[in-house]
Amino acid sequence: MHLLNLGILAHVDAGKTSLTERLLHTAGVIDEIGSVDAGNTQTDSLALERQRGITIKSAVVSFALDDMTVNLIDTPGHPDFIAEVERVLGVLDGAVLVVSAVEGVQPQTRVLMRTLQRLRIPTLVFVNKIDRRGGRYVTVLRALRERLTAAVVPMGTAGGLGTRDARFVPGLASTALDVLADHDDELLTAYVEDTVSSDRLRAALADQTRQALVHPVYFGSAVTGAGVGALVEGIRRLLPAADGDPEGPVSGTVFKVERGPAGEKVAYARMFSGTVRTRDRIRFGAGGEARDAEDLDDRAEGRITAISVFEQGADTRDDLVAAGRIAKLWGLADIRIGDALGEPRKEYGHFFAPPTLETVVVPAGGADRRDLHRALTLLAEQDPLIGLRHDEVRQETFVSLYGEVQKEVIQATLADEFGLDVTFRETTPLCVERPVGPGAAVEFNKKDGNPFLATVGLRVDPAPVGSGVAFRLEVELGSMPYAFFKAVEDTVRETLGQGLHGWQIPDCAVTMTHSGYSPRQSHAHQGFDKSMSSTGYDFRGLTPLVLTEALRRAGTQVHEPMHRFRVEAPTDTLAALLPVLARLRAVPQTTETRGPSCVLEGSVPAAHVHELEQHLPGLTRGEGELESVFDHYAPAPRGTVPERRRTDLNPLNRKEYLLNLTRRVGN
């Protein structure tokens, strides 16, 4: 039996979850279709999802289509939960992108389609809600071509739009040949010679769909079932089956982690190769191709204690999971989202930008700060793009975010699942720092008030954006024990999490220019005397002071996150819109007039995106549409430099740093 791992993606409220219910009903998995409004759908299992009527966590459900088993993954549509979508994309064989026939192509639709095309994931488009008042066919089809991709192939026509009798009539449109011939020279020749058969056309459609060159489009209604049968046939005939050798080396990817009833970790994994059985020992850890032997040796190992696979709408216990399938695995206590099982495969990396906002979670109603920190740590385990930063001195926890809705969901989740009442401080943008030029500093062992038995010299140099942190040596590796070099490198990377203004320094080159240590010494007839001999503590303690001084001499500049925006609004509202864009420091770079509408594209600081979202409806009579996505970091405007409160021991102040370090060691 063939397998297909299928993702359902869409802008929020386009009807993904309703389509999932309809597909399960069509396949005979459920007898009655659930409703998002009633909160009784198969995939929205969280209480919060049922209350708000939105999908927050991805969910897996399985059903059979003749000789094919489909693992269907319902994903969130709200951009605040884009991290959930990101993790799913790496395990898909194909996707269905849902578009509303009423609202048409929306901002998140464009973001998702760009990503699906970049990853070359075969995708069908389902235009939902043709039974709703305002449902459109020609207009939406034109918008798909203009705003998503020209390579769309209508798979039929829609009639009775806006009524309960709305229907979809399958049949390839005459324009299909034009689209398919663009990617097939032989088909183009047959087209010119007028010798194209229907079988040849359908074969070309299937082949080009599986290569993600074209995207078949279906119209219908998840509520009435119109067009769903044709979509099911398209899923079965046009999307590629999962591949992988069950006898090959074990290789898989973890895309979701949840906690079981007893608090144990349960990993959702897609197997790409090999077979995993209960009681097998398996290595796991960060994935990717560029891993050396030492990295692979550092990976964890665990024993699989139980396996569940997805069949006929439920997950059932099994003794094994083979290549191509998705399963739930128990027994891997240290597993994290994104970990590779067995042999690491090609790493896709992040498809969407990381969070660009941050807030402080404040306990309320007598909530214990330690309980709050533990709960947030568990949430971060399930969503690795939610970063936590803990201030030990003030006992405060910072959490990074995509948007305000995500903040509300975190608040409700902490209340429902952990019984913790919390509030939030004002949301602020997450900036970065970049070195302005080179800078160097050195402190020598037993000289000039250096309290550590270590010599450390470091030079900081700017590096290209996106290059990361490079640590290099200008001293002989054998000049002191390797453990001391490792202590310096690890501390450098940790210290760069907070630059001169408190922001992370993501890109720079740090070179160790001086090294030295006091060899192991002991008194006669006594053991090791650490007061006379260097330890890792000395290098970990001295490195932040040296690195911070090097950064001072190099100088750093704060860069704020910038979003690329696209606003479509009535042309006659520009007079009201442009002054507000200017006040929010949004810079339109292109302006295009399309009849009564105008499209502006440009950049806007991430800090002002939410405010722009709030103002836009009032400025454009409710007709304005905003699309916004992180694009780059730009130097913060002159004037007040954004500062971030430090959560480390503050190496900027030598006296305070040494005092804090002494207290920490004492504790």
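Okay, before the pictures, one bit of vocabulary: when I say two strands pair, I mean that DSSP finds at least two bridges between them. And keep in mind throughout that what you see here is a predicted model.

So, the overall numbers. The protein has 667 residues, and 54% of them are buried. There are 17 helices and 33 strands. If you take contacts between residues at least 6 apart in sequence, 73% of those join residues at least 24 apart.

How much of it can we trust? The average pLDDT is 85, and 88% of the residues score at least 70. Residues 42–57 are one stretch to be careful with, since pLDDT there is below 50, though the model still gives that stretch 55 contacts beyond near neighbours in sequence. Another one is residues 288–297, where pLDDT stays under 50 and the model has 13 contacts beyond four places in sequence.

Right, let's go to the sheet. It's an open sheet of 7 strands, the pairing is mixed, and the order reads 2-3-1-4-5-9-6. At the edges you have strand 2, residues 59–65, and strand 6, residues 152–154, each of which pairs on one side only. Neighbouring strands in this sheet are turned against each other by 25 degrees on average, ignoring direction.

Zoom in on the strand 6 edge. Strand 6 runs parallel to strand 9, residues 215–219, and 3 bridges join the two. Who does P154 bridge to in strand 9? That's V217.

Now another strand of this sheet, strand 4, which covers residues 94–100 and contains A95. Is A95 buried or exposed? It's buried, with a relative accessible area of 0%. And you can see what surrounds A95: leaving out neighbours within four places in sequence, its contacts are L6, G7, L9, L116, I121, P122, T123, L124 and L239. Also have a look at A95 and V125, which are 30 residues apart along the chain, with 8.5 Å between their C-alpha atoms.

Next, helix 8, residues 198–210. It has 13 residues and reaches 18 Å from first C-alpha to last, close to the 18 Å expected at 1.5 Å a residue. Its buried residues are L201, A204, L205, A206, Q208 and T209. What covers them? The cover includes strands we've already met, strand 6 and strand 9, along with strand 5 (123–128), helix 6 (175–181), helix 7 (185–192) and helix 9 (228–238). Just after helix 8 comes A212, which takes a positive phi of about 60 degrees.

Let's move further along the chain, to strand 10, residues 251–259. Of its 9 residues, 7 are buried, so strand 10 is largely enclosed by the rest of the structure. Strand 10 pairs antiparallel with strand 11, residues 265–273, over 8 bridges. For example, V257 stands opposite A267 in strand 11. The two strands make a hairpin with 5 residues between them, and G263 in that turn has a positive phi of about 85 degrees. Strand 10 also pairs with strand 19, residues 339–342, again antiparallel, over 3 bridges. There, S251 has G342 of strand 19 as its bridge partner.

Strand 15, residues 306–311, is another one to look at: 5 of its 6 residues are buried, so it too is largely enclosed by the rest of the structure. Strand 15 runs antiparallel to strand 16, residues 314–318, with 5 bridges joining them, and I307 bridges to D318 in strand 16. With strand 18, residues 326–330, strand 15 is also antiparallel, this time through 4 bridges. In that pair, A306 is matched with W330.

Last stop, helix 13, residues 482–495. At 1.5 Å a residue its 14 residues should span 20 Å, and the end C-alpha atoms are 20 Å apart, so that agrees. Which residues of helix 13 are buried? They are F484, F485, A487, V488, T491, V492 and T495. These cover an arc of only 155 degrees around the axis, so they sit on the same side of helix 13. It helps to recall that an α-helix has 3.6 residues a turn, so residues three or four places apart point the same way. Among the elements covering that buried set are strand 27 (454–462), strand 28 (469–473), strand 29 (508–517) and helix 14 (536–554).

That's my tour, thanks.

Methods:
Residues numbered from 1 in each chain as written. Predicted model: local features only at pLDDT ≥ 70, side-chain atom pairs only at ≥ 80, totals over all residues. Heavy atoms only, no water. Axes fitted to C-alpha atoms, helices over the stretch in contact; angles between N-to-C directions. Buried < 20%, exposed > 50% of the residue type's maximum accessible area, 1.4 Å probe, protein only. Contact = heavy atoms within 4.5 Å. Expected span 1.5 Å × (residues − 1). Arc of directions from axis to C-beta. pLDDT = per-residue confidence, 0-100.
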